[in-house]
Amino acid sequence: MSVEARHFIDGKYTAGDSNRRFKNFNPVTGASLGFVPEGGEAEIDAAVSAARAALAGPWGDMAVAERAELLHKVADGITARFDEFLAAEISDTGKPKSLASHIDIPRGAANFKVFADLVKNVGSEHFSMPTPDGTGAVNYALRVPKGVIAVISPWNLPLLLMTWKVGPALACGNCVVVKPSEETPLTATLLGEVMNKAGIPKGVYNVVHGFGPESAGEMLTRHPGVDAITFTGETATGEAIMTAAANGVRDVSFELGGKNPALVFADSDLEKAIEGTLRSVFANCGQVCLSTERIYVERPIFDDFVARLKAGAEKLQPGAPGESATTLGPLISQTHRQKVLSYYQRARDDGATVITGGGVPEMPAALAGGCWIEPTIWTGLGDESAINREEIFGPCCHIRPFDTEEEAVALANDTPYGLCCTVWTENLSRAHRVSARMEAGLTWVNCWFLRDLRTSFGGAKQSGIGREGGVHSLEFYTELRNVCVKL
Ligand code: NAD
Ligand code: 6OD
């Protein structure tokens with residue numbers, strides 16, 4: 001069954017009042033997937049009002065345990081309709097079925113379960129204090145929902161990243177208005193049906209489609225009825241949203257771009273380092289905020305590492321998502337492909353040695369209209385080249401040798417970004433020493449994208465503001481109100 005993209009406001013699907021709509025394309029073939037309604041002021045207003053009404057009504061009044069039970073039903077609802085979510089995510093993104101079925105859809109369900117369980121077990125602080133008259137006083141904190149949360153999400157892991165915010169927001173008792181990426185409207189739409197079936201009251205989960213600037217995204221962030229904004233996307237978009245949030249002094253949580261390094265030491269298990277680095281560079285066609293784009297390899301193993309990574313990259317098989325041999329999907333859109341190809345050209349202009357790739361693969365006629373691109377590895381560029389400084393968000397990386405641990409740490413940190421890094425070494429002391437010096441929100445040692453949802457997630461420097469995950473999500477999605485009682 002295919003999904004028709006529509007807004008989901010106050011528990012009902014609607015094409016909205018505006019006559020504006022835009023086309024959604026399948027990046028595998030270039031074929032049209034149909035039209036998506038573009039929301040405007042009227043739809044954003046209706047969605048925010050519905051959210052506020054639900055907050056004042058059934059959702060706000062509901063006991064935590066009951067809320068948690070409903071969120072478990074949402075998770076079960078996603079699992080029960082796994083194949084429909086999978087089909088919707090694949091037609092929007094073109095990612096291999098093996099990837100979406102192992103990562104995107106299961107995480108969509110887990111994001112509700114984990115936070116539903118967490119909120120049931122979190123207490124709040126309490127302090128007894130002396131008073132001059134000797135009777136004393138007690139302080140305790142009430143943890144209350146922040147209110148109406150705007151959730152603005154990107155296209156690379158649509159269901160996973162949207163529910164990563166909707167799950168904890170709802171678990172904490174907030175209501176949400178989601179503006180999914182214009183590139184990937186389908187799974188957010190389908191989730192509306194699951195919410196209704198699970199018994200989530202109308203108005204708790206709302207979706208308005210559209211673009212960012214001068215469209216639903218910007219209108220949502222500027223709406224005075226929104227209490228806080230949680231956003232995943234590019235750093236430049238984060239800057240625009242922060243400006244909007246300043247109006248009314250609204251809180252923000254930002255997960256932004258990266259230019260993530262990998263450090264490969266000569267004492268690493270090279271086979272594991274190659275296998276992990278192949279995934280960290282090329283998974284989801286390099287369209288993961290955590291993707292590795294800069295690789296620093298200790299000189300004695302540099303040539304061997306480059307040769308083995310090249311061999312691995314050349315085994316990647318672009319193709320239709322459902323084919324079992326497919327290990328590489330397309331980029332999300334022709335616009336994004338033009339951007340990534342401009343970096344491929346830039347690398348050549350800057351004098352890179354192209355180890356592999358650098359162009360567009362030949363695809364069978366049925367897939368020729370898709371957004372295909374070759375996995376690409378470069379060496380030989382300077383540290384100041386745009387290839388080593390700007391986020392490309394494609395299946396590509398630059399590899400450079402280093403001689404000392406000190407130099408490796410300095411190179412890794414030489415970036416305005418600070419989302420994540422990977423360290424490959426079998427030396428335990430070095431692993432801890434280097435990790436402590438990484439200017440990044442997340443460091444993976446001998447692994448990549450291994451996630452425990454109770455841990456903090458977020459970026460340092462220009463890669464984000466705040467942390468989500470586990471109790472850190474609860475910090476953002478709730479507010480503490482202290483009560484002081486004199487005895
Ligand atoms: P994007 O910033 O272009 O768009 C993200 C969302 O913001 C979309 O829904 C878009 O419509 C909306 N938007 C754009 N301009 C807006 C505005 N002025 N006001 C309100 N909303 C606006 O990002 P993208 O291209 O969809 O995603 C790729 C980017 O996301 C990359 O930079 C990647 O690193 C980043 N990302 C970061 C993380 C993380 O956890 N740090 C995770 C995934 C993606
Ligand atoms: O695993 C997560 O919770 C998470 N936020 C992943 C982000 C991936 C970025 O593309």
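This is a selection-by-selection tour of a predicted model with two ligand sites, a nonpolar core and one loop residue.

Residues are numbered from 1 along each chain as its sequence is written, and chains are lettered from A and ligands numbered from 1 in the order in which they are written. Local features in this predicted model need pLDDT of at least 70, side-chain atom pairs count only at pLDDT 80 or more, and totals for chains, interfaces and linings use all residues, while side-chain values use heavy atoms, with hydrogens and water left out.

**Ligand 1.** Select ligand 1 and the 30 residues around it (a heavy atom within 4 Å). K179, E182, T237, L256 and E391 come nearest. Next, show polar contacts (pairs of N or O atoms within 3.5 Å). A backbone N or O atom of L256 is 2.6 Å from a nitrogen atom of ligand 1. An oxygen atom of ligand 1 lies 2.9 Å from a polar backbone atom of E234, and another pair to display is a polar side-chain atom of E255 with an oxygen atom of the ligand, at 3.3 Å. On its own, ligand 1 has 840 Å² of accessible area (Shrake-Rupley method, 1.4 Å probe), and the protein covers 92% of that.

**Ligand 2.** Keep E255 selected: E255 is also listed around ligand 2. Add R107, N156, L157, L161, W164, V288, C289, L290, F449, R451 and F457. The shell has eight nonpolar, one polar and three charged residues. Domain 1 (7-256 + 463-486) and domain 2 (260-452) each supply at least three of the shell residues; the domain bounds come from an automatic or database assignment. Now pick out the oxygen atoms of ligand 2. The side chain of R451 has an N or O atom 2.7 Å from one such oxygen. For the side chain of R107 the corresponding distance is 2.8 Å, and a backbone N or O atom of C289 is likewise 2.8 Å from a ligand oxygen. The protein buries 99% of the 310 Å² that ligand 2 exposes when taken alone.

**Nonpolar core.** From L290, move to the largest nonpolar core (buried Ala, Val, Leu, Ile, Met, Phe, Trp, Tyr and Cys residues, under 20% relative accessible area, joined through side-chain atoms within 4.5 Å). Of its 91 residues, V74, V166, L191, Y205 and L290 touch the most other members. Helix α6 (residues 158-171; a DSSP run of H or I, at least four residues) gives the most to this core, with nine residues. The core lies between domain 1 and domain 2, because both give residues to it.

**G212.** Finally, select G212, in the loop between β9 (205-207; a DSSP run of E, at least two residues) and α8 (216-222). G212 counts as partly exposed because its relative accessibility is 23% (the class runs from 20% to 50%). The C-alpha atom of I152, 60 residues away along the chain, is 9.2 Å from that of G212.

Note on methods
A polar contact is a pair of N or O atoms within 3.5 Å; within protein, one must be able to donate a hydrogen and the other to accept it, and residues adjacent in sequence count only if both atoms are side-chain atoms. Ala, Val, Leu, Ile, Met, Phe, Trp, Tyr, Cys and Pro count as nonpolar, Asp, Glu, Lys and Arg as charged, and the others, Gly among them, as polar. Buried means under 20% relative accessible area, exposed over 50%, partly exposed in between (1.4 Å probe, protein chains only).
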